[in-house]
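Reader: I'd like to learn how to read a few features straight off a model. Could you walk me through them?

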Amino acid sequence: MNAHTVAVLAPAKSHRLSLLGVAGRAALAAALFGVIVGPLAGLVVWSVAERWHWPALIPQEVGLKYWARITRGDLFGALTRGVTIAVITTVLALITAVPVSYAAARRRLPLGPLVLMLFLLPQAFPQLPVFASAAVLFYRWNLAGTVPGVVLIHLVGGLVYAVWTMTAVFRAIGEDLEEAAINLGASLTRTFFHIALPLATPGIVASGILVFIYSLDEFTGTLLVGAPYVTTLPVYMYTASLGYEMQIASVTALVLMAPGLILLLLMERFLRAEYLAFFGRL
Amino acid sequence: MPRVRPVEQLLWWMAAVPATAVILVGFGVPLLQSLTASLVREGHLTLANYALVYRLYGQDVAYTVLVATAGLTLTFGAGIPLAGYLRLHHAGAIEFLLKVPLFVPFVVVGHAMRIFLAPRGTLLTVLHAMGLVSADASLGFGHGWLGLAVALAWKHLALIVLLLMGAFRAVDESYLEAARGFGASTLRQIWAVLVPMAAPSIALAAVLALTSMLASFSIPLMMSRGSGPQMLMIDLYYRFGQHGDFGVASAIGVVSYLLASGAAYYYLRAVSR
């Protein structure tokens, strides 16, 4: 008796919706909601708590005093600096990653697998010791504590995301159209700009968003290479929490989290396939 | 494959240079430099840095392995049943919820968990309001290894469930139908069918998570109390930043490469295949 006969003979038990099943699913969803949202909810409460003494469940005084600080001073500076660095990093990552990814996807790169492997190193090895060592080198090259230095460190991590997503994107686009164009006499370069690049645009945008979010959230490299002269939001948040400024750290955390959550909503609707393909490869 | 003109071939090579150069300059060279710096102390080639690491941080190596192993156990203990459940039953809301931690930055997770698990943190406040603990109770594990493991598991759960779901979806439906035919429950279908058939992918996901947890820095930095055993990356950061001792810091780095190297090798081999 093979698997199919068993399936035909047996009653389709799983399709029957039992009361226990519904209750179980609701319980699972509720428990998971508590586990996932619970720790984050604390941030929201702390960000508006102007006076909160233990063991009260809610703060005694609630207000937007700490949120008002976003509009002025250090926090705003750290935010704009971080966004600027993220934009530069994203543009550079896309410009440099597109050719490598395309060449790797079409298997036109000599030592292709080895080159691709190189772009996995920052993911497979501990980053902190390497970035500490990079900080020493950057100091020698006058790059430590500068925006170009921080961009370079962000590019290292960003390129991992960019190259691997884009290689997957280019591989997913069939080679047939390009071969047809080449058979009709188009050059490889012309084929790339007129066929492959337009088809890959949605995937390139997706990987650009991933790099942007990565750069905005990057902490280790920025702290080692940039601090104290170049401060981005994650570093600012760390400094705030060191002084036990719970409210400021919590407001910063929420601001820091916003782009990622917006991205999650966007990806749910538009970028699902690329996003899953990328994490599947990882 | 159409014939490629030599000029165009050369162009593609050149196009690959900038990105490769960034990785070499920003990662490759520093990686090699940390290897050589770990073997030099006061201008001499020596193993003294490693002797210091053994003496000062031996306990922290064990602590790091403990935290990473506990984090891994928690992640997979929750992740395997969840991914299996999502493979067998469609539940969009649960799937969406699970993706949230993927988009929360590491520093934010560290800060949120610090608030949540603190001796008078949000978790204890809620438990107190529910009448489950008394006002003078305190939560023992917020700063310790278990608190760290919980935070690391929280951050890694989303990625692991996504990876496992991908692997479980590749398992042919007929095997599951057969198991259901014999009256297998959801848990039994996961344990007896999905897990064995997706074993290589589960191993790869475990390796990825373990490497990441061994090398975790921002979460322990946000949650650390400054006394007792520490994660290795915290030791490295202070050795480098406060003591300015690049030699010992590099030796700690090399120890962390070695801890992660088995995992890294397996990961690189599996992914680049």
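Reader: Let's go to the rings. Which residues do ring pairs link into a cluster?

Author: Keep in mind that this is a predicted model. Here ring pairs link Phe219(A), Tyr238(A), Phe217(B), Tyr237(B) and Tyr238(B) into a cluster. Over all chains, the search turns up 13 aromatic pairs. Take one of them: the rings of Tyr237(B) and Tyr238(B) have centres 5.5 Å apart and planes at 55 degrees, so this pair is tilted.

Reader: Why is it called tilted?

Author: Look at the angle. Stacked needs planes under 30 degrees apart and edge-to-face needs over 60, so the 55 degrees between Tyr237(B) and Tyr238(B) leaves that pair as tilted.

Reader: And are those two buried or exposed?

Author: The cut-off for buried is under 20% relative accessible area. Tyr237(B), with 16%, is buried, whereas Tyr238(B), with 27%, is partly exposed.

Reader: Now the chain contact. How many residues does each chain put in?

Author: Chain A supplies 101 residues and chain B supplies 93 residues. Together they bury about 8800 Å², 79% of it on carbon and sulfur atoms. Between the two chains there are 0 salt bridges, and 6 residue pairs are in polar contact, counting pairs with both residues at pLDDT 80 or more. On the chain A side, helix α2 (residues 19-48) gives the most, with 14 residues. By class, that side of chain A has 75 nonpolar, 15 polar and 11 charged residues.

Reader: What about the fold of chain B? How many helices and strands are there?

Author: Chain B has 12 helices and 2 strands. Along the sequence they come in the pattern α-β-β-α-α-α-α-α-α-α-α-α-α-α. The C-alpha atoms of chain B fill a box of roughly 75 × 70 × 25 Å along the principal axes. Of the 273 residues in chain B, 55% are buried. Try the contacts too: in chain B, among those between residues at least 6 apart in sequence, 72% join residues at least 24 apart.

Reader: How should I think about salt bridges?

Author: The general idea is that side chains of opposite charge can pair when their charged atoms come close. This structure holds 7 salt bridges over all chains. In one of them, Arg41(B) meets Asp245(B) at 3.2 Å, N to O.

Reader: Where in the chain do those two partners sit?

Author: Arg41(B) is in strand β1 (residues 40-41) of chain B, while Asp245(B) is in the loop between α11 (232-241) and α12 (246-272), so the pair links distant parts of the chain, 204 residues apart. Arg41(B) is partly exposed at 24% relative accessibility, and Asp245(B) is buried at 10%. There's a third member as well: Arg41(B), Arg239(B) and Asp245(B) are linked in a network of salt bridges.

Reader: Which residue forms a salt bridge with Glu95(B)?

Author: That's Arg169(B), with the closest N and O atoms 3.8 Å apart. This pair also links distant parts of the chain: Arg169(B) lies in helix α6 (residues 145-169) and Glu95(B) in helix α3 (residues 92-99), 74 residues apart. Arg169(B) is partly exposed, at 45% relative accessible area, but Glu95(B) is buried, at 8%.

Reader: What is the N to O distance between Glu173(B) and Arg180(B)?

Author: Their side chains meet in a salt bridge at 2.7 Å. Here the acid, Glu173(B), is partly exposed at 32%, and Arg180(B) is buried at 16%.

Definitions and conventions: Residues are numbered from 1 along each chain as its sequence is written. Chains are lettered from A and ligands numbered from 1 in the order in which they are written. Side-chain values use heavy atoms; hydrogens and water are left out. Contact means heavy atoms within 4.5 Å. Buried area is the accessible area (1.4 Å probe) that two parts lose on being put together, summed over both. A salt bridge is a side-chain nitrogen of Lys or Arg within 4 Å of a carboxyl oxygen of Asp or Glu. A polar contact is a pair of N or O atoms within 3.5 Å; within protein, one must be able to donate a hydrogen and the other to accept it, and residues adjacent in sequence count only if both atoms are side-chain atoms. Helices (H or I, at least four residues) and strands (E, at least two) are DSSP runs, numbered from the N terminus. Ala, Val, Leu, Ile, Met, Phe, Trp, Tyr, Cys and Pro count as nonpolar, Asp, Glu, Lys and Arg as charged, and the others, Gly among them, as polar. Rings of Phe, Tyr and Trp (its six-membered ring) pair if their centres lie within 6.5 Å; planes under 30 degrees apart count as stacked, over 60 as edge-to-face and the rest as tilted. Buried means under 20% relative accessible area, exposed over 50%, partly exposed in between (1.4 Å probe, protein chains only).
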